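Here are my notes from going through the model you sent. I've put them as numbered points so you can follow along on screen.

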Amino acid sequence: LRREVRDLGSVAGRLYAWNTVGSLLGALLGGYTLLFWLDLHHVYRIALAALIVGSAILAFLVLRSAPRIVPALVALPILMGLALLPEWSADRLTAGTFRDRTPQYASFRGPDEFFQRRQAGEVIFYDDDPTSTVCVRRPKSNPENLAIVVNGKSDGSLKADYPTMSLAALVPALMAERHERGFVIGLGTGVTAGELASLDGTREVIVAEISRGVIAASPLFDGGNLAASKNPKIRVKRGDAYRALLRSEGSYDVIVSEPSNPWVTGVEMLFSREFLEAARSRLAPGGVFAQWFHIYETDVEVVKLVLRTYASVFPDVSVWFTLRGDLVLLGFDRPTRALDIDALEERFGQPDFSAAFARVEIDSFPQLIAHELLPLGTLHAVEREGPVHTLRHPILSHLAARAFFLGQRSALPLYVSEEHRNVSLRNSLLRRYGGGGDPYPEEILEAGARENCRFLRMDECATFFARWAYDHPESTRRKTVLAEVRKSLGARQSNIAPNKIDDLQIFFGGKTKSSALSLAQAQALTDRFAKHYNHAVPFDGDAIDAIWDRCRDLRCGTARREAEGMLEDGSWTFSRAKQRGAKVPTGNVTHSLEPSPEAPDLSPEPESD
């Protein structure tokens, strides 16, 4: 600057130009290229070394009065000291503390005690690749339950998540007309690809995985995913799932999208209408597209947005549960086979399918179809207006991140209008398997009760037991199964106490005392109705009318219209808490409260009354 004071503009321009070039090269090298071979702590040391060398060069050029060897003598020991820096803790880098929304016991006792108490398990693999930080953990309590953790968030484990990862492959393969070619989005633990490839009719499974670290870790899971990394039917393509699908050749009978949660940056693209349209265009005739989703760390607004976007692309949709908080959305190229009970049961009985379902402890066909939550056609029974998630209007990323921050739990929208109920009664696989009439066979009700209780879906479990009691009041089998299930549940058995199950029978048309209800009592009963509703054994459509007809409060008329609208819209939530002035989280969160102490006696009256 001193030498070229007359041309400062040119000097400043060159300075900014070289600084921009250096920034771009530094970002490209340190933030991407070097991570093909090095981890983050290596790149950090290189960055420090570059700063030290740069400072030495600057001192050499500027400090003309000092001997020019001085900068080198100062920089050399510092550079040598970089080699002595310890590696960063893989355990701490992948701990996922961002999911702790409240202080823990050891939060203020220092990092050593804090991380020691988390007991997340031993890290047996770690890699910082250009897209992700990937590690594999072996829990101390269950060494076989290896988990893959990406950017601090668990994206699957061999034991705890096996039902989800397995059923995400098996259910669409069961319902597709053929399952010769499959496409899986997200390698993870390899269970989904392994299960799909294990079927005799499967010729090829293409897996799109963007993370080099996930691919490198895949052999570690071979002991629990049917040796997927060695299966000749499986080919892994490293790259973005969107482009990998569009660039692939031919069509697929089964496409399974099993990415991370939509609040993870970039993942929301795989829930967009454009991607769903691309996936549908790649389905073979009679093919099925399966999309994983969750109802934890989210709210009903996000769930409705995902379902609305899905329904805007696929005219035929059903929704199944795999675990308590995990869902699989199924979109069909054509629905004919999806309603063919005989064909589905026949394929279920094939040795390869039977063995695959047995690995998730599903040994009978009724047990499997008890996982259906929204029967085919229910989602489209009434046209729903509202925004959808698109690449040009990517609203899911914001809504999902906000819901994750709140950390609440949602549920499926209810869809309890008469139109929804009629479609559910007609298309429910469990009901069709039982003959489609009343009363339900005990085999069907037992399968529904056991399977919902097994996955701790206690509200639906109670509903199936209530229907069982309503249809077969003298059944000794029901009493035996209820006792067995209550014993296996331990502390959770109070959720299916006999008196609570008996109370639910009024929603199937059971008799009740005709006493007047207060507004709070009517809202409490509406809460219970919404909390326990199940499309396979739906409540009587007149039950809500009967409740509100007994409400004698002056505010009941307005509250009734509000309740009926929210029930049909799927956003009924926290009515009694709001009425009492309790502090309630914002947003449409579908948690329900337990009945208030002033709730009426719901016990069915004796037949003589």
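1. Start with the helix pair α2 and α3, and keep in mind that this is a predicted model. From α2, the residues R45, L48, A49, I52, V53, A56, A59 and F60 make the contact. On the α3 side they meet P71, A75, I78, L79 and L82. Sorted by class, this contact has 12 nonpolar residues, no polar ones and one charged.

2. How do those two helices sit relative to one another? The axes of α2 (residues 40–62) and α3 (residues 69–82) come within 9 Å and cross at roughly 175°. Since angles over 145 degrees count as roughly antiparallel, that makes α2 roughly antiparallel to α3.

3. Next, the four-stranded sheet. The sheet is open, its order is β1-β2-β3-β4, and the pairing is antiparallel. At the edges you'll find β1 (122–128) and β4, each of which pairs on one side only. Ignoring direction, neighbouring strands here are turned by 20° against each other on average.

4. Have a look at β3 and β4 in that sheet. The two run antiparallel and are joined by three bridges. If you want one pair to click on, take A147, whose bridge partner in β4 is S157.

5. β4 turns up again in the largest pocket, where it gives the most to the lining, with five residues. Which other elements supply at least two residues each? Besides β4 (153–157), they are β3 (147–150), α6 (162–175), α7 (191–198) and β6 (204–209).

6. As for the pocket itself, about 1200 Å³ of space lies in it. Its lining is made up of 49 residues, and the ones nearest the centre are D155, E258, P259, S260 and N261. What is the split into nonpolar, polar and charged residues in the lining? The lining has 22 nonpolar, 19 polar and eight charged residues.

7. Now the eight-stranded sheet. This one is open too, with mixed pairing, and the strands go in the order β7-β6-β5-β8-β9-β11-β10-β12. Its edge strands are β7 (234–238) and β12 (372–374), and each pairs on one side only. The average turn between neighbouring strands of this sheet is 25°, direction ignored.

8. Within that sheet, follow β9 (residues 283–294) and β11 (residues 326–332). They pair in the antiparallel sense over seven bridges. A handy landmark is A290, which stands opposite L330 in β11. Helix α11 (residues 300–313) packs on the sheet and touches β9, β11 and β10 (317–323). The direction of α11 makes about 175° with that of β9.

9. Two backbone details are worth checking by eye. Where is the cis peptide bond? It runs from D438 to P439, with omega near -5°. P439 lies in the loop between α17 (429–433) and α18 (442–454).

10. The other detail is A227, which has a positive phi of about 55° although it is not a glycine. You'll find A227 in the loop between α8 (212–217) and β7. That β7 is one of the edge strands from point 7.

Conventions:
Residues are numbered from 1 along each chain as its sequence is written. This is a predicted model: local features need pLDDT of at least 70, side-chain atom pairs count only at pLDDT 80 or more; totals for chains, interfaces and linings use all residues. Side-chain values use heavy atoms; hydrogens and water are left out. On a 1 Å grid over the protein atoms alone, a cavity is a set of points where a 1.4 Å probe fits but cannot get out, and a pocket is an open set with protein on both sides within 12 Å along at least five of seven lines; lining residues have an atom within 4 Å of a point. Grid points are joined across faces, edges and corners, and a volume is the space filled by probe spheres set on the points. Ala, Val, Leu, Ile, Met, Phe, Trp, Tyr, Cys and Pro count as nonpolar, Asp, Glu, Lys and Arg as charged, and the others, Gly among them, as polar. Two strands pair if DSSP finds at least two bridges between them. Axes are lines fitted to C-alpha atoms, for helices over the stretch in contact, and angles run from 0 to 180 degrees between N-to-C directions. Contact means heavy atoms within 4.5 Å. Angles under 35 degrees count as roughly parallel, over 145 as roughly antiparallel, 65 to 115 as roughly perpendicular and the rest as oblique.
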